[in-house]
Amino acid sequence: ERYALAQARSKITDLERELEDSQERTRRTQYKVDDYSRTDDSSKELAKLRAEFETERQLAVAASEQRAEQQHRVDSLRAQWEEMKFIRQRKEKLYEQVLSEKSDLR
């Protein structure tokens, strides 16, 4: 479980970095769109940049959704780990109690 948790955390870090990169590319593309929209003679370039902007926006949305899914997985694994830890502690306490009762019976 620890390995899976570490992998999930690593994936989340990668996705966050990818999301930040995508958002930066989106900002730069938006600046370009704004610059080109001021001039009428670049309508083809403007259309191309708008398409790039939309693609980057969609990638940012997908990365955000993927990050949310990974975070949910990490939270789930963490909950499972805590539950297993609680069960193991309870089992150890019961085992100690049984040993204590056995020694009391002798």
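Which residues does T26 touch, not counting residues up to four places away in sequence? Select T26 and look around: F53, E56 and R57 are there. Contact here means heavy atoms within 4.5 Å.

**Before you go on**

This is a predicted model, in which local features need pLDDT of at least 70 and side-chain atom pairs count only at pLDDT 80 or more, while totals for chains, interfaces and linings use all residues. Residues are numbered from 1 along each chain as its sequence is written, and side-chain values use heavy atoms, with hydrogens and water left out.

**Stop 1: T26 and its helix**

Stay on T26. It belongs to helix α1, which covers residues 2–37. Helices are DSSP runs of H or I with at least four residues, numbered from the N terminus. Is T26 buried or exposed? T26 counts as buried, at 14% relative accessibility. Three words need their cut-offs: buried is under 20% relative accessible area, exposed is over 50%, and partly exposed lies in between (1.4 Å probe, protein chains only).

**Stop 2: T29**

Now select T29, also found in helix α1. At 7% relative accessibility, T29 is buried. Leave out residues up to four places away in sequence, and T29 touches L49, E52 and F53. You met F53 at T26 too. Next, show the backbone of R25. Its oxygen lies 2.8 Å from a polar atom of the T29 side chain. That is a polar contact: a pair of N or O atoms within 3.5 Å, where, within protein, one must be able to donate a hydrogen and the other to accept it, and residues adjacent in sequence count only if both atoms are side-chain atoms.

**Stop 3: R28 and Q23**

Move to R28 in helix α1. R28 is partly exposed, with a relative accessible area of 43%. Draw a line from its C-alpha to that of F53. The two are 9.0 Å apart in space, yet 25 residues apart in sequence.

Now pick Q23, again in helix α1. Q23 is partly exposed at 35% relative accessible area. How far apart in space are Q23 and R57, C-alpha to C-alpha? The distance is 7.7 Å, with their positions 34 residues apart in sequence.

**Stop 4: along helix α2**

Select residues 43–105. This is helix α2, with 63 residues. From first C-alpha to last, α2 reaches 92 Å, close to the 93 Å expected at 1.5 Å a residue. The expected span is 1.5 Å times one less than the number of residues.

Colour the buried residues of α2: L46, L49, E56, A60, A63, Q70, V74, L77 and W81. L49 is a contact of T29, and E56 is a contact of T26.

Then find H72, also in α2. H72 is exposed, with a relative accessible area of 57%. H72 and A8 are 64 residues apart in sequence, but 9.8 Å apart in space, C-alpha to C-alpha.

**Stop 5: salt bridges**

How many salt bridges are there? The count comes to seven. A salt bridge is a side-chain nitrogen of Lys or Arg within 4 Å of a carboxyl oxygen of Asp or Glu. Visit three of them.

Select R67 and E16. Their side chains meet in a salt bridge, 2.5 Å from N to O. R67 lies in helix α2 and E16 in helix α1, so the pair ties together parts 51 residues apart in sequence. R67 is partly exposed at 26% relative accessible area, and E16 is partly exposed at 28%.

Next, select E24 and R27. This salt bridge is 2.9 Å, N to O. E24 and R27 are three residues apart in helix α1, so about one helical turn separates them. E24 is partly exposed at 32%, as is R27 at 39%.

Finish the set with E82 and K85. Their closest N and O atoms are 3.4 Å apart. These two are three residues apart in helix α2, again about one helical turn. E82 is partly exposed at 39%, and K85 is partly exposed at 31%.

**Stop 6: a ring with a charge**

Last, select W81 and R88. What sits over the ring of W81? The charged end of R88 does, 5.8 Å from the ring centre. The rule asks for NZ of Lys or CZ of Arg within 6 Å of the ring centre and within 35 degrees of the ring normal.
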